[in-house]
Amino acid sequence: MTQVLEKPALELSPEPLYQLAMGFTYTKTLLAAHRLGLFEALAYQAKTAAEVAQEKGYAASPTTMLLDACASLKLCTKCGDRYADRKS
């Protein structure tokens, strides 16, 4: 009589690792936006990414990308091409 020595296959999920990695990414997005003063720039009125970039002295394209990331994480809102602080 032969005996099977194989262990049953475990169902592994990449979800815990994904959550860990995304948590790091979300935190870095929040910290970058805060350190660059993007929330401060949106504190009193909605602005386009170009307006924020000009006000802060940043390039428009990376400012747009960071504001889009913030909007997708619900750190700010986006209506059309204008971004606003969540409390606005």
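Here are three short exercises on a predicted model, each with a worked solution.

**Exercise 1: the sheet**

Work out in which order the strands of the open sheet lie, and which strands stand at its edges.

*Solution.*

Step 1. Start with the pairs, remembering that strands of a sheet pair through backbone hydrogen bonds, either parallel or antiparallel. Strand E2 (residues 76-79) and E3 run antiparallel and are joined by 4 bridges. E1 and E3 also pair in the antiparallel sense, over 2 bridges.

Step 2. Pick out some partners. Thr-77 stands opposite Ala-84 in E3, while Thr-48 has Arg-82 in E3 as its bridge partner.

Step 3. Put the pairs together: the 3 strands form an open sheet in the order E1-E3-E2. Strand E1 (47-48) and E2 each have a single partner strand, so they stand at the edges, with one side of each left without a neighbour in the sheet.

Step 4. Now look at the link between E2 and E3. These strands form a hairpin with 2 residues between them, and Gly-80 in the turn has a positive phi of about 70°.

**Exercise 2: two packed helices**

Describe how helix H3 (residues 49-56) packs against helix H4 (residues 60-72).

*Solution.*

Step 1. Two packed helices are described by the angle between their axes and the distance between the axes. For H3 and H4, the angle is about 120° and the axes are 9 Å apart.

Step 2. Name the arrangement. Angles of 65 to 115 degrees would count as roughly perpendicular, and those over 145 as roughly antiparallel. H3 and H4 are therefore oblique to each other, and their crossing is right-handed.

Step 3. Find the residues that meet. From H3 come Ala-49, Val-52 and Ala-53, and from H4 come Ala-60, Thr-63, Thr-64 and Leu-67. Sort the residues of this contact and you get 5 nonpolar, 2 polar and no charged.

Step 4. Tie H4 back to the sheet: H4 lies across E2 and E3, running at about 110° to E2.

**Exercise 3: Asp-85**

Decide whether Asp-85 is buried or exposed, and list what Asp-85 touches beyond four places away in sequence.

*Solution.*

Step 1. Locate the residue: Asp-85 sits in strand E3 (residues 82-85).

Step 2. Check the accessible area. Buried means under 20%, and Asp-85 has a relative accessible area of 13%, so Asp-85 is buried.

Step 3. List the contacts. Leaving out residues up to four places away in sequence, Asp-85 touches Phe-39, Leu-42, Ala-43 and Thr-77.

Step 4. Compare sequence with space. Asp-85 and Ala-46 are 39 residues apart in sequence, yet their C-alpha atoms are 7.3 Å apart.

Key:
Residues are numbered from 1 along each chain as its sequence is written. This is a predicted model: local features need pLDDT of at least 70, side-chain atom pairs count only at pLDDT 80 or more; totals for chains, interfaces and linings use all residues. Side-chain values use heavy atoms; hydrogens and water are left out. Axes are lines fitted to C-alpha atoms, for helices over the stretch in contact, and angles run from 0 to 180 degrees between N-to-C directions. Angles under 35 degrees count as roughly parallel, over 145 as roughly antiparallel, 65 to 115 as roughly perpendicular and the rest as oblique. A crossing is left-handed if the near helix is turned anticlockwise from the far one by less than a right angle, and right-handed if clockwise. Contact means heavy atoms within 4.5 Å. Ala, Val, Leu, Ile, Met, Phe, Trp, Tyr, Cys and Pro count as nonpolar, Asp, Glu, Lys and Arg as charged, and the others, Gly among them, as polar. Buried means under 20% relative accessible area, exposed over 50%, partly exposed in between (1.4 Å probe, protein chains only). Two strands pair if DSSP finds at least two bridges between them.
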